[in-house]
Amino acid sequence: SETTVSTDEKDAQMVPRMNAVSQEESTETVWEAELERRKNLIMDVCKKHGMSLDWRPNPSRQKYIVVEEKSKVMACLVPIPKSGLSGWKRWLLAIGGYMNGTMLQDIAISKKLQAELSVKHLKSMPASTPEQLTAYYKVFFIGDPLERLLSVYKNKIETNHFNNLEVVSVVGNYVLENYRGETAKLPVTIKREIGKAVCTLPNGQTVEYYQRDNKDLISLSFDDFLNYVVDNPDKMDLSWQPLHEICQPCGIKYDVVGYFSSLLTDNDNIIKHLKVDPTIKFPDYLYDSSEKIMDEYYSKVSKQVLNRIKQMYETDGQMAGTVPLESEVQGNAANNSAATNDTDASQYVNPIPPPEEEFI
C-alpha cells in the first residue's frame with residue numbers, strides 16, 4: 001500500500017535542509033563582507049602611503065603571479081615557508097583538469113606531478129591591461145610580517161641548511177664578517193646534484209655537502225638574521241621581501257585578499273565560489289603560528305632592531321590588519337614604503353640563486 005506523507009511531515013523533513021542551506025548562505029555572506037573589509041583596508045593603506053593605484057606591468061614581479069588559463073584563476077604565490085601557499089600550484093593544476101583529487105591529496109605524487117606539469121600549464125601573469133585582468137579571478141594572501149620572518153628563520157636559517165645552502169651562506173658570511181669580526185667560511189658558489197651540493201669556499205677550497213648528513217653549517221640567532229635583513233634592504237630573498245612589493249595589491253584589484261591565519265576558511269570559500277568539483281580540495285594545513293613561540297624568539301631581539309623591522313614591514317602589517325592604519329613606526333616608514341613602491345623587484349635576488357624547485 002502507498003504511504004501518504006502529510007504536508008506537516010514534509011515541511012518537518014525540509015526544515016533541516018533549509019537550515020543547512022540558510023547557514024551556508026549566511027557563512028558565504030559573512031565571508032564576502034569580510035573580503036570587502038580587507039579590500040577596502042588595502043586601498044586605504046595604498047592611499048595613506050601615496051602608492052599608485054594604476055596597474056603597471058613589471059615582468060620581474062609578474063613571474064610570481066601564476067595563471068591557470070582554463071579556470072581563469074590568477075594567484076600571487078611567493079615562496080614562504082609553512083605559509084600553506086605551496087599547495088596552491090597543485091590545486092590550480094587540479095582545477096585545470098591536469099590532476100585529480102586523489103593525486104592532489106598524495107603529497108609525494110602531487111609534488112612530482114607539479115614539477116612536470118607546472119612548466120606546461122601554469123604561466124606567469126601576462127602583460128595585461130587593467131581591462132584584460134578583469135577576466136581572471138585574482139587571489140592574494142598576506143599575513144603578519146613578524147610571523148612570516150620568524151617562519152623563514154625557523155625553516156631556512158635556524159636549521160635545514162642543506163635545502164637552503166644558498167640563503168644560509170649569504171646571510172652567514174655577512175654575519176661572520178660584519179657582526180663577529182671573523183673570516184667568511186661558507187660557500188660562495190654552489191652546484192647542486194642529486195643528494196649533494198658541490199661548493200666552493202671563500203678560500204677557493206672545494207667541498208661537498210650531502211643531504212643524508214643533514215648537517216647545519218653555522219649557528220645563527222634570530223637577532224643575527226633580523227640584523228641582516230635590516231642592514232641589507234637591497235638584497236632581500238623573496239621569502240622575506242614585503243609582499244605588497246611583489247603582489248602589487250595597489251595596482252591589481254584582487255577579488256580575494258586572503259589571510260594566512262584564515263587560509264583554510266578562505267580556501268574553502270574560494271572553492272565554493274568557483275563551484276569546483278568537491279573532490280578537489282586543498283590539502284590539510286596547520287597554520288604555523290604560536291604566540292608563545294613568537295614571544296620566545298622576539299623577546300631576545302634588541303628594541304632597536306625590532307623597531308627597524310617594524311618600520312620596514314609597516315605597510316604589509318597594515319594591509320594584513322596586524323598594524324593599525326593610524327600608527328606610524330619611528331623613522332617615517334610611510335615615506336620609505338612609498339619610495340619602494342615602484343622599485344624593480346629584480347634587485348631582491350640573492351647573490352647565489354636558489355634551487356629551481358624550491359617552491360613546489
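Q: What makes a residue of this predicted model count as buried, and why is Lys 138 called buried?
A: Buried means under 20% relative accessible area. Lys 138 has a relative accessible area of 6%, which is under 20%, and Lys 138 is therefore buried.

Q: Why is Asp 255 called partly exposed?
A: Partly exposed residues lie between the limits of 20% and 50%. Asp 255 has a relative accessible area of 26%, so Asp 255 is partly exposed.

Q: What makes the contact of Lys 138 and Asp 255 a salt bridge?
A: A salt bridge requires a side-chain nitrogen of Lys or Arg within 4 Å of a carboxyl oxygen of Asp or Glu. The side chains of Lys 138 and Asp 255 meet at 3.3 Å, N to O, and the pair therefore meets the criterion. Lys 138 belongs to strand E4 (residues 137-142) and Asp 255 to the loop between H10 and strand E8 (256-259), so this salt bridge ties together parts that are 117 residues apart in sequence. By this rule the protein has 13 salt bridges.

Q: How do you know that Arg 148 forms a salt bridge with Asp 316, and which parts of the chain does the pair link?
A: The closest N and O atoms of Arg 148 and Asp 316 are 3.8 Å apart, and the limit is 4 Å. Arg 148 lies in helix H7 and Asp 316 in helix H14 (residues 314-320), distant parts of the chain that are 168 residues apart. Both Arg 148 and Asp 316 are buried.

Q: Why is Lys 196 called buried, and what is the status of its salt-bridge partner, Glu 193?
A: Lys 196 has a relative accessible area of 18%, and because the limit for buried is under 20%, Lys 196 is placed in that class. Glu 193, at 37%, is partly exposed. The closest N and O atoms of Lys 196 and Glu 193 are 3.6 Å apart. Elsewhere, salt bridges with shared partners join Glu 34, Arg 37, Arg 38 and Asp 266 into one network.

Q: What makes Arg 38 a charge over the ring of Tyr 259?
A: The distance limit is 6 Å from the ring centre; Arg 38 lies over the face of Tyr 259 at 4.0 Å from that centre. Likewise, the charged end of Arg 212 sits over the ring of Tyr 210, 4.5 Å from its centre.

Q: How many aromatic pairs are there, and why is the pair of Tyr 153 and Phe 222 called tilted?
A: The count is 13 aromatic pairs. The rings of Tyr 153 and Phe 222 are 5.2 Å apart, centre to centre, with 50° between the planes. Planes under 30 degrees apart count as stacked and over 60 as edge-to-face, so the rest are tilted. Tyr 153 lies in helix H7 (residues 145-157) and Phe 222 in helix H9 (residues 222-231), so the pair ties together parts 69 residues apart in sequence. Both residues, Tyr 153 and Phe 222, are buried.

Q: What makes the pair of Phe 225 and Trp 240 edge-to-face?
A: Their planes stand at 80° with the centres 5.1 Å apart, and an angle over 60 degrees counts as edge-to-face. Phe 225 is buried at 0% relative accessibility, and Trp 240 is buried at 1%. The cluster linked by ring pairs includes Tyr 153, Phe 222, Phe 225 and Trp 240.

Methods. Residues numbered from 1 in each chain as written. Predicted model: local features only at pLDDT ≥ 70, side-chain atom pairs only at ≥ 80, totals over all residues. Heavy atoms only, no water. Phe/Tyr/Trp six-rings, centres within 6.5 Å; stacked < 30°, edge-to-face > 60°. Helix = DSSP H or I, 4+ residues; strand = E, 2+ residues; numbered from the N terminus. Buried < 20%, exposed > 50% of the residue type's maximum accessible area, 1.4 Å probe, protein only. Lys NZ or Arg CZ within 6 Å of the ring centre and 35° of its normal.
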